[in-house]
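Grab your viewer and work through a few short exercises on a sheet, its helices and a pocket. Each task comes with a worked solution.

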Amino acid sequence: MKPIITHFTDDDLYKFTMCCAVIENFPRARVKYTFIDRNDLVYPEGFADRLNEQIAMLEQLVITDREIDFMKRKCSYIPEWFYRYLKGFRYRREWVSAHQDREGHLHIDIEGNWSDTILLEVKILAIVSELYYIMTGKAETIDYDAYYRKSYDKAERILGAGCVYSDFGTRRRASFKAEDTVVAAMKECDERGRHPGKFVGTSNVYLAMKHDLTPMGTMAHEWVCAIGGMYGPQMANHIAMDKWRNTFRGALGTFLYDTYGWHIFSLNFSEDFANMFKGLRVDSGDNYKQIDNIVKKYRSLNIDPLTKQVIFSNGLDTDSAIELHKYAKKYCMPSFGIGTHFTNDFPGLKPLNIVIKLVAVKITEAWDFYNDTCKLSEDWGKYTGKPEVVQRFIAALNMKQ
C-alpha cells in the first residue's frame, strides 16, 4: 500500500505551534492520548494492520528545505531554533499502539514525550479517515471534478455573504486530494475578487505552501487539557494564556477558551489578557449564546467587542456560517474555520466522527505516575475522558450539568 501521508507539513499549523510551546515550557513532559470513535464504528477486517503499516511509513517523512523556507516566510512568530528541531525530527512507530477488538472496533493509544507525540494526532486521524474509504471501496466513487465545482459554489455563496473564512478540514477529510481540491477551488473563487468576503487560508501547512496561502491556526484544547492535568482545571486557562503569550511574544493572539467551559475561563480572562489577545475561538456550545457571553465580558472590561476577532469553528457548514455572520458582525469581527463540510461532503460518504484526545500527563519522566485529564467544553456530548475524571473536574469547577 502506498503511504497516505507523503509530506511532513501535511498537518495543521496548530500542531507545530503547540509543539514549539511544549518544548519551550514543558520539555520533559510525557503524555498519553486515546482514539475515540463517537459513532462506535465497526471497521473492515484487517484495518488496524493496514493502519499500523501507514504509521510505520511515517518514519520516512522528513521536512524539506522548501517547507522550512515557506514556514519561515509565513510564520515569522516561530523561533529559528524550532526549525532545527523539525529538521532532525523523526516519527517512531513504537509511540503508537493500534488494534481492533473482536467486534471490529478500532483502538489507538499513543504514549511518549509530549514534544514528539504531539505531531501524530492530525496525521493519524487523516490516515484513518482516508484508509477507511479505501478499504470499503468508497474512495473509488469520488468524482473530484464534480467536487471542485461543488466547492467553488460553496465559496461563491460564503464569499458573497461577506464571510472571512478558512479551511480547517485536514483531520476528517475524505482524502488528501479532497482537501487539495477544496483549497484550489476556494482560492480561485476568492482571487476573482467579485465578492466582499475573503478566503484567508488553510490550517494545512503543506497545502498553504502549495497554493501560496497563509497557514491558519493557533492552539487546540490539548494545550489547556495538559496544563489542567498538571496544575488543575481552575487555573489552567490562566497558565495556558500566560505561557502562550511568553512563547510567541503576543503573536498568535487567538485563544481557544472552551476546554473547561465559559465560566472558569471568564474568571481567568482578566483585562490584560483581553487586551493582549486579538480574539477568541468558539468551538462548542450555542454559537449565539457564546457571542453574548463574549460581548458582555469585553464590555465589562471596557473593551469594544467590535475591535475583537471571534473565530467560529463549531461544526459549521455554509448555511450556518452565513446566518451566524449576519448576527455576529453587529458585535465583533467574525471569521470562520470550516472543516468536514468542506473536505468530506461527497454523495454516499458518511464522514467519520473521530477524535484523538490527550487523557493523561506528567510534567517529567521522573514521575512514576500520570495525572489524568479531560476535556469538558460547552457541550456535554463533547466531554472526553474517563467518566470519573470528568466528574472530578466538574466538581472542582462547580459546573452545572
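**Exercise 1: Helices on the sheet**

Work out which strands helix α2 lies across, and at what angle to β2.

Solution. Keep in mind that you're looking at a predicted model. Start with α2, residues 47-57: this helix lies across β2 and β3 (106-113). Next, take the direction: α2 runs at about 160° to β2. Now try α10, residues 221-231, which lies across β1, β11 and β12. Its angle to β11 comes out at about 30°.

**Exercise 2: The sheet itself**

Find the strand order and say which strands sit at the edges.

Solution. Step one: line up the 5 strands, and you get β2-β3-β1-β11-β12, an open sheet with antiparallel pairing. Step two: look for strands that pair on one side only, which gives β2 (96-100) and β12 (371-372) as the edges. Step three: zoom in on β1 (residues 30-37) and β11 (residues 354-362), an antiparallel pair with 8 bridges. To check the register, find phenylalanine 35, which stands opposite isoleucine 356 in β11.

**Exercise 3: The second largest pocket**

Describe the volume of the second largest pocket and the residues that line it.

Solution. First the volume: about 390 Å³. Then the lining: 20 residues, with Trp262, His263, Glu378, Met399 and Lys400 nearest the centre. Which elements give two or more residues to this lining? They're α12 (262-268) and α14 (287-300). Finally, sort the lining by class: 7 residues are nonpolar, 8 polar and 5 charged.

Definitions and conventions. Residues numbered from 1 in each chain as written. Predicted model: local features only at pLDDT ≥ 70, side-chain atom pairs only at ≥ 80, totals over all residues. Heavy atoms only, no water. Pairing = 2+ DSSP bridges. Helix = DSSP H or I, 4+ residues; strand = E, 2+ residues; numbered from the N terminus. Contact = heavy atoms within 4.5 Å. Axes fitted to C-alpha atoms, helices over the stretch in contact; angles between N-to-C directions. 1 Å grid on protein atoms, 1.4 Å probe; cavity = no way out; pocket = protein on both sides within 12 Å on 5 of 7 lines; lining within 4 Å. Points joined across faces, edges and corners; volume = space filled by probe spheres on them. Nonpolar A, V, L, I, M, F, W, Y, C, P; charged D, E, K, R; others polar.
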